[in-house]
Structures are given as C-alpha cells and as structure tokens.
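Please examine the model shown below. The paragraphs that follow lead through its strand pairings, its salt bridges and one helical position.

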Amino acid sequence: MRTRIAFLKGHGTENDFVIVPDPENALDLPPAAVAALCDRRAGIGGDGLLHVVRSAAHPEAAHMAGEAEWFMDYRNGDGSVAEMCGNGVRVFARYLQHAGHVTEGDLAVATRGGVKSVHIAKDGDVTVGMGKALLPEGDVTVSVGDRSWPARNVNMGNPHAVAFVDDLAHAGDLYSPPPFSPAAAYPSGVNVEFVVDRGPRHVAMRVHERGSGETRSCGTGACAVAVATARRDGADPAATGSPATYTVDVPGGTLVITEQADGEIEMTGPAVIVAEGEIDADWLENAVR
C-alpha cells in the first residue's frame, strides 16, 4: 500500500499552489482533502491545488487529449472546482518543465476553460494565451460596508466583477465575498477586483477570489482588469487594430497583460517551484474524516 504521495509547492506572483502530480488520475482528491492540503496551519498551505493529470486519463479532459497532453485539474483552496486559474497555468507549466515533461518554448495545457497556449521563455517568465474576454451586458454593483461601486462584468473562462476605486484600502479586509447585485449576474459566485490607477496603462489591484478569499495575485483577474481598464480608457484593439498592453501590479508582484487585435489575451509573469516532498497518506485520510 502506498503511504506517501508526492507534492510540490509553487507560486506565481505569490499566488501559491500545492502541486500534486498524478499522471494516470489514480488519486481520490475530494474537496475535504484539497481543503486540508491547502490549510496554512494544519496542511501544506496554498491558495489552490494543481492536480497534474494526463488529459487522456481524466473524464473532463479526454476530449482535449489530441491538443494537450496535460490537464490542469484546478481546485480552489476550499476544495471547490474552478474553470481556470491564470497564475496556476504558469506554475503548472513550470512544474512540467521542472519534471522534464517539457522544455523551453511552446506547449498546450488543457483546462476546464479550454486549451491554453503557453510559452516558457529563456529568462524564466511564462506567457499564457488566456483566450478572449467576454463582456456580458447589464449593470453590476459591488459593495464593501457602506460603499458601493459600479463594476464591469468580465468573463475570462471564470467570472469577474471589476470595480475602480479611489483607494485600495476601500476594499476592506476581503475575508468574506464582497456583496454584489443583481444576484443573477453571477449565479455561481464571482471574483471581485478593486482597481486604482498608477500611471498610463498601469494599474494596481486587490482581489477576492471565490473559494479562496483575498489572494496575493489572480491571473484571470489581472486580465479582466486590463480589459475593463482598456474599455474605460476607450481602447478596443478589435476596433483600432492595435494591441493594448497594461501593467497590472498585484500584492505579490507584477503581471503584463496584452490584448491583441483579434481579442486574444496574453499574460506574462514569473512562475517558481519552491519545494517538493511527500504527503503522508494516513494523515490525509485522517484529515478528511
């Protein structure tokens, strides 16, 4: 009987993840097990978990196996399933390189949000093709305490509400999800970004990620912020034919987001593997009881 399970720990702009390699999808990782592993005091600690599986071995990804060998089975820190995680894709690609499955250059990664194109540069940065943003119609409002702001509804394969504020401190502690309305805009919850200007095409943000609370960075959130800021600034690459690039500061570092004329969005930033070891399977079994 196997009593230990391999794991690694990594982060992208301090959005950190427990990485569990499981090429043949042999491990049972129910929500309680994921939450135990991501617990920062009793477990390994992370904003989420990257379950590394070959696409052909996972029922949700088998249809993508012809395009991408590897599937990022991403889970939020509370164990819930998420469609996509931009920082997670970069760290996932770094793990594949670290493990010798890929080298520098281009690769494809399957996610619940579709197949993502990834480029691992020689300087260490990783660029992810994040797809196109959807901008659902309708007014959205987010609130913190007695303050409320209009928010831009942006979907990056997962839902976002982007609010421009005068001071990032107005976002509060972000321990609990900021209220939003109308409820029908986000039936499965939403990631909420609070944004301030730092300079020309340069903004800073804080984010509450559904299922994780405030995180040090959110890749899909940074993309949503760049798109919302571009539209606020009157920049629409599809209309102008020129790419729009924004620098987005997050608490854990900086990401560079480019929206191309065809609507495709690219995110560039660092990805780091910081540790690897073994999980005691008996501990994990007891932790979920």
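In the hairpin formed by S9 and S10, 3 residues lie between the strands, and Gly157 adopts a positive phi near 95°. The model is predicted, and this backbone angle is thus to be read as a computed value. The two strands of this hairpin run antiparallel, with 5 bridges joining S9 to strand S10 (residues 159-164). Within this pairing, Arg152 stands opposite Val162 in S10.

Strand S9 (residues 147-155) also pairs in the antiparallel sense with strand S8 (residues 140-144), over 5 bridges. Here Val140 has Ala151 as its bridge partner in S9. The hairpin of S8 and S9 has 2 residues between the strands, and Gly145 takes a positive phi near 60° in it. As background to such pairings, side chains in a regular strand alternate between the two faces of the sheet.

Attention now turns to charged side chains. The count of salt bridges in the model comes to 17. One of them joins the side chains of Arg75 and Asp73, with an N to O distance of 2.9 Å. Both Arg75 and Asp73 are buried. Asp73 also meets Arg112 in a salt bridge, at 2.5 Å from N to O. This second pair links distant parts of the chain, 39 residues apart: Asp73 belongs to strand S4 (residues 70-76), whereas Arg112 lies in the loop between strand S5 (105-111) and strand S6 (114-120).

How buried or exposed are the two partners, Asp73 and Arg112? Asp73 has a relative accessibility of 0% and therefore counts as buried. Arg112 has a relative accessibility of 22%, so this residue counts as partly exposed; the cut-off for buried is under 20%.

Another salt bridge connects the side chains of Glu285 and Arg289, at 3.1 Å from N to O. Glu285 is partly exposed, because its relative accessible area is 44%. Arg289 counts as exposed because its relative accessibility is 71%. Elsewhere, salt bridges with shared partners join Lys9, Asp16, Arg40 and Asp47 into one network.

A final position to consider is Ala239, which is found in helix H4 (residues 237-240). Is this residue buried or exposed? With 65% relative accessibility, Ala239 counts as exposed, because exposed means over 50%. The C-alpha atom of Ala239 is separated by 7.8 Å from that of Ala261, a residue 22 positions away along the chain.

Methods:
Residues are numbered from 1 along each chain as its sequence is written. This is a predicted model: local features need pLDDT of at least 70, side-chain atom pairs count only at pLDDT 80 or more; totals for chains, interfaces and linings use all residues. Side-chain values use heavy atoms; hydrogens and water are left out. Helices (H or I, at least four residues) and strands (E, at least two) are DSSP runs, numbered from the N terminus. Buried means under 20% relative accessible area, exposed over 50%, partly exposed in between (1.4 Å probe, protein chains only). A salt bridge is a side-chain nitrogen of Lys or Arg within 4 Å of a carboxyl oxygen of Asp or Glu. Two strands pair if DSSP finds at least two bridges between them.
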